[in-house]
Amino acid sequence: MFRFFLPVVSVLGALALGACTPLNQSNTSTRAAVADTTLPPVKGFATPRPKAPARSNRDIARDFLDLTFELESGRKLERLTRFEGPITVRVTGTPPPGMMTDLRALLARLRSEARINISLNNTPNANITIQAVSRKDIRKALPQAACFVVPNISSLSQYRGARRSGAANWALLENREKIAIFLPNDTSPQETRDCLHEELAQALGPLNDLYRLPDSVFNDDNIHAVLTGFDMTILRAFYDPMLANGMSRNQVANRLPAILSRINPRGDQLSSNPLPATPRSWIDAVQTALGPGTTPAGRRVAARQALLIAQSEGWRDHRLGFSHYALGRLLQSQDISAALSEFRAADRAYRSTDGLGPHRAFVATQLSAYAISAGQSREALKIISPQLTTAAEFENAALLSTLMLLQAEALDMEGQLEDAANLRLDSLGWARYGFGPDWAVRAKLREIATLSPIKGGS
């Protein structure tokens, strides 16, 4: 149930882990402050541009059932649980700047796209409490967690008691009435927003994550930062009047075709093309490679094992790409040539999911960094250019600013100094949203500048 984030905070080989971490490995669902600045103002994404799911309703129904009636550990759930009636949300603790703006935007999307009756309400009896606390406080409760969600409580101080009593056990839940989400208030705006999207989605709906999903936040690869069109379709079906709290898997399965035909008629016209299930052996290898408590050598062994499993399964989808990408990140500090080969293989595999997510944009940060360090500025520009729109479309400011800064370095190498300076300046507002405090933004600037041969990089 661990979720791992291979973010674009580094193009030089440092592997950062984070995102969501579980309440416990079997019965919980989770997602593992900006000072005054002289940098440009923080930028944000104004208008969401989600795409409707590009899959058959038959395949979406299978995804819905597997997301809803299993936990990430594989444990089966006997019943659908959801809120009944209007859902209220309140915020406690010390929310960081910008969090309330992001929350209001998310609630608006849930109302308009998922048709969920959800609103802010600052009374103590709100259904969902979002408590903004420090990362230190979160890790004191769950050492590996960046943010998490718990049923039947409303504050972090109640967590230990709920865990001892079993009240925090999702597998024992019969209905949803009170849920708490714990978010960090001293990280980047993007990290807080991403936690908001994923944790609120799981507080409302499915508790499972599936690696086979290429277009969803319900996937431990954390490629997607915000709720997608697929996710909103799942949540809309979750709260359809034809379903009710307590229904069995068979009862839901019988009603899903009619629900999906009504809310996603396009899906009835698409041919079924289901991806095979993800074997536990691959999941375990990925978790060992990217999770806590493993030596660097052990991570590389596990990543190679994940890739071998992906190849033996005959995958040609995003999971093969992720296997190559993860191994490439782990090899960067040891064997640059081998890492580059893995990134190229990841890019080839991700072409099969092109248009479903920002998969290739993540790989583009690595491939363009290598091109810049080799003095191949035109190749770098060719790699970066088509991915800028993708990064913006999927609202990933860290990814977008990284691509922009890499593009600026390549333009410098081409002698287009004014264009490079303007682009670099434009990137800083996105970097402040994606990376947070001034020191993190300036560190990103320095990191990417060191790639350029004309600035002493190699």
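These legends walk through several close-up views of a predicted model.

**View 1. Helix H8 packs beside helix H10.** Here we look at H8 (residues 280-290) and H10 (residues 318-331), whose axes come within 11 Å and cross at roughly 25°. Angles under 35 degrees count as roughly parallel, so H8 is roughly parallel to H10. The crossing of H8 with H10 is left-handed. From H8, the residues in the contact are Trp282, Val286, Ala289 and Leu290, and they meet Arg319, Phe322, Ser323, Ala326 and Leu330 of H10. Sorted by class, the residues of this contact of H8 with H10 are seven nonpolar, one polar and one charged.

**View 2. Helix H10 also packs against helix H12.** Stay with H10 and look for H12 (residues 359-373): the two pack at an angle of about 25°, and their axes are 11 Å apart. H10 and H12 are therefore roughly parallel to each other. H10 passes H12 in a crossing that is left-handed. On the H10 side you will find His318, Tyr325 and Arg329, which meet His359, Phe362, Val363 and Gln366 of H12. The contact of H10 with H12 is made up of three nonpolar, three polar and one charged residues.

**View 3. The largest nonpolar core has 60 residues.** Two good places to start exploring are Trp282 and Leu403, which touch the most other members of this core. Elements that give two or more residues to the core are H8, helix H9 (296-312), H10, helix H11 (336-350), H12, helix H13 (377-393), helix H14 (397-413) and helix H15 (417-435). H14 supplies the largest share of the core, with eleven residues. Trp282 is a residue to recognise from the first view, where it is among the H8 residues that meet H10. There is also a second, separate core of 58 residues, and among its members are Ala171, Leu173, Ala203 and Leu256.

**View 4. Leucine 403 and what it touches.** Zooming in on leucine 403, and not counting residues up to four places away in sequence, we find that it touches Ala361, Ala364, Thr365, Ile384, Gln387, Leu388 and Ala391. Leu403 is also one of the two residues that touch the most other members of the largest nonpolar core.

**View 5. Helix H6 is mostly covered.** Of the ten residues in H6 (residues 229-238), nine are buried. To find them, look for Gly229, Phe230, Asp231, Met232, Thr233, Ile234, Leu235, Ala237 and Phe238. The cover over these buried residues of H6 includes helix H1 (57-68), helix H2 (99-112), helix H5 (189-204) and helix H7 (249-263).

**View 6. Glutamine 131 sits in strand S4.** The strand spans residues 128-133. With a relative accessible area of 15%, glutamine 131 is buried. Leaving aside its neighbours within four places in sequence, glutamine 131 is in contact with Thr92, Gly93, Ser155, Leu156, Ile181, Phe182 and Leu183.

**View 7. Asparagine 152 and asparagine 222 have positive phi values.** As background, most residues other than glycine have a negative phi. Phi of asparagine 152 is about 70°, and phi of asparagine 222 is near 55°. Asparagine 152 is found in the loop between strand S5 (147-151) and helix H4 (159-165), while asparagine 222 lies in the loop between H5 and H6. Asparagine 152 counts as partly exposed, at 35% relative accessibility, whereas asparagine 222, at 5%, counts as buried.

**View 8. Serine 352 lies in the loop between H11 and H12.** Its relative accessible area of 45% makes serine 352 partly exposed. Not counting residues up to four places away in sequence, serine 352 touches Arg316, Asp317 and His318. His318 also belongs to the H10 side of the contact with H12. For a sense of scale, the C-alpha atoms of serine 352 and leucine 330 are separated by 23 Å, with their positions 22 residues apart along the chain.

**View 9. Glycine 314 lies in the loop between H9 and H10.** At 42% relative accessibility, glycine 314 counts as partly exposed. The C-alpha atoms of glycine 314 and leucine 103 are separated by 41 Å, and the two residues are 211 residues apart along the chain.

Key
Residues are numbered from 1 along each chain as its sequence is written. This is a predicted model: local features need pLDDT of at least 70, side-chain atom pairs count only at pLDDT 80 or more; totals for chains, interfaces and linings use all residues. Side-chain values use heavy atoms; hydrogens and water are left out. Axes are lines fitted to C-alpha atoms, for helices over the stretch in contact, and angles run from 0 to 180 degrees between N-to-C directions. Helices (H or I, at least four residues) and strands (E, at least two) are DSSP runs, numbered from the N terminus. Angles under 35 degrees count as roughly parallel, over 145 as roughly antiparallel, 65 to 115 as roughly perpendicular and the rest as oblique. A crossing is left-handed if the near helix is turned anticlockwise from the far one by less than a right angle, and right-handed if clockwise. Contact means heavy atoms within 4.5 Å. Ala, Val, Leu, Ile, Met, Phe, Trp, Tyr, Cys and Pro count as nonpolar, Asp, Glu, Lys and Arg as charged, and the others, Gly among them, as polar. Buried means under 20% relative accessible area, exposed over 50%, partly exposed in between (1.4 Å probe, protein chains only). A nonpolar core is a set of buried Ala, Val, Leu, Ile, Met, Phe, Trp, Tyr and Cys residues joined through side-chain atoms within 4.5 Å.
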